[in-house]
Amino acid sequence: MKKQHSFDPKALNQKLILNILIAMNPILLTKLDHTRITKALNSALDKRTVFQNDADGILNEINSALLVESYEIPPDIVTMNSIVKLKFMNQNKETEIQIVYPDEADSAKNKISIFSPIATALIGYRVGDEIEWFVPAGLTKMKIMKIIYQPEMAGEYQL
């Protein structure tokens, strides 16, 4: 007896469309990360721990992203709680950082708040991307060398 394979053109089309959109848009964010970052920003604005223009900049960045489900995010994309190896091209220096929510930030452990310019610059980009960004010291250029840990790749969707 010959085994029949089911073919779902709608599912195939949705996957194809998603892959095309991912290829076209360099910023990719999980829906959960988008929701949580927005919530953290609103809370920080209410507490006056972030300036409105800084919040607007972060919102502009995350609102320009293509939003996907956590299980759809490719393993080479920087997401919240990712540990990333970076190379600062201006200084030829490499470092590892973890992008976290503000209440978990700890510079001694290289846990950098999503509200920081570097974290905002990295979220949603992929390994190999080079990013120019203004930080307090001026224009810096960095390259994402490697993602050491990404929660979604580890199957940890609720971090």
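The following paragraphs go through a predicted protein model, from its overall layout to its strands, one helix and its cores.

The protein has 159 residues, and 36% of them count as buried. Its accessible surface comes to about 9900 Å², with 54% of that belonging to carbon and sulfur atoms. The protein contains four helices and seven strands. Read from the N terminus, their order is α-β-α-α-β-β-β-β-α-β-β. If one takes the contacts between residues at least 6 apart in sequence, 57% join residues at least 24 apart.

The strands can be followed by their pairings. β3 (83-88) and β4 are antiparallel and are joined by six bridges. One pair to look for is Val-84, which stands opposite Ile-97 in β4. The two strands form a hairpin with four residues between them, and in this hairpin Asn-92 has a positive phi near 55°. On β4 there is also a pairing with β5 (residues 111-113), this time in the parallel sense and over three bridges. Here Ile-99 has Ile-112 in β5 as its bridge partner.

β3 is also joined to β7, again by six bridges and in an antiparallel arrangement. Lys-85 stands opposite Lys-146 of β7 in this pairing. β7 in turn runs antiparallel to β6, and six bridges join these two strands. Ile-131 and Met-142 of β7 stand opposite each other. β6 and β7 make a hairpin that has two residues between the strands.

Next comes helix α3, residues 52-63. With 12 residues at 1.5 Å a residue, the helix should span 16 Å, and its end C-alpha atoms are indeed 16 Å apart, so the two values agree. Which residues of α3 are buried? They are Ala-55, Ile-58, Leu-59, Glu-61 and Ile-62. These residues cover an arc of only 160° around the axis, and therefore they lie on the same side of α3. On the other side of the helix, Asn-53, Asn-60 and Asn-63 are exposed. The buried residues of α3 pack against β1 (28-30), α2 (31-47), α4 (117-122) and β6 (130-135).

In soluble globular proteins, nonpolar side chains tend to be buried together. In this model, the largest nonpolar core has 30 residues, and those touching the most other members are Ile-37, Leu-86, Ile-99, Leu-122 and Ile-144. At least two residues of this core come from each of α2, α3, β3, β4, α4 and β7. Ile-37 shows what such packing looks like: leaving out residues up to four places away in sequence, Ile-37 touches Ile-58, Ile-62, Met-80, Tyr-101 and Ile-114. Apart from the largest core lies another one of five residues, including Leu-28, Val-68, Ile-73 and Ile-77.

The last stop is Leu-29, which is located in strand β1. Is Leu-29 buried or exposed? Buried means under 20% relative accessible area, and Leu-29 counts as buried because its relative accessibility is 2%. What is Leu-29 in contact with, leaving aside its neighbours within four places in sequence? Its contacts are His-34, Ile-62, Ala-65, Leu-66, Leu-67, Val-68, Ile-73 and Ile-123. Leu-29 and Ser-64 are 35 residues apart along the chain, while their C-alpha atoms are separated by 9.5 Å.

Key:
Residues are numbered from 1 along each chain as its sequence is written. This is a predicted model: local features need pLDDT of at least 70, side-chain atom pairs count only at pLDDT 80 or more; totals for chains, interfaces and linings use all residues. Side-chain values use heavy atoms; hydrogens and water are left out. Buried means under 20% relative accessible area, exposed over 50%, partly exposed in between (1.4 Å probe, protein chains only). Contact means heavy atoms within 4.5 Å. Accessible areas come from the Shrake-Rupley method with a 1.4 Å probe; for residues, only the protein chains shown count as cover. The expected span of a helix is 1.5 Å times one less than its number of residues. The arc is that of the directions from the helix axis to the C-beta atoms. A nonpolar core is a set of buried Ala, Val, Leu, Ile, Met, Phe, Trp, Tyr and Cys residues joined through side-chain atoms within 4.5 Å. Two strands pair if DSSP finds at least two bridges between them.
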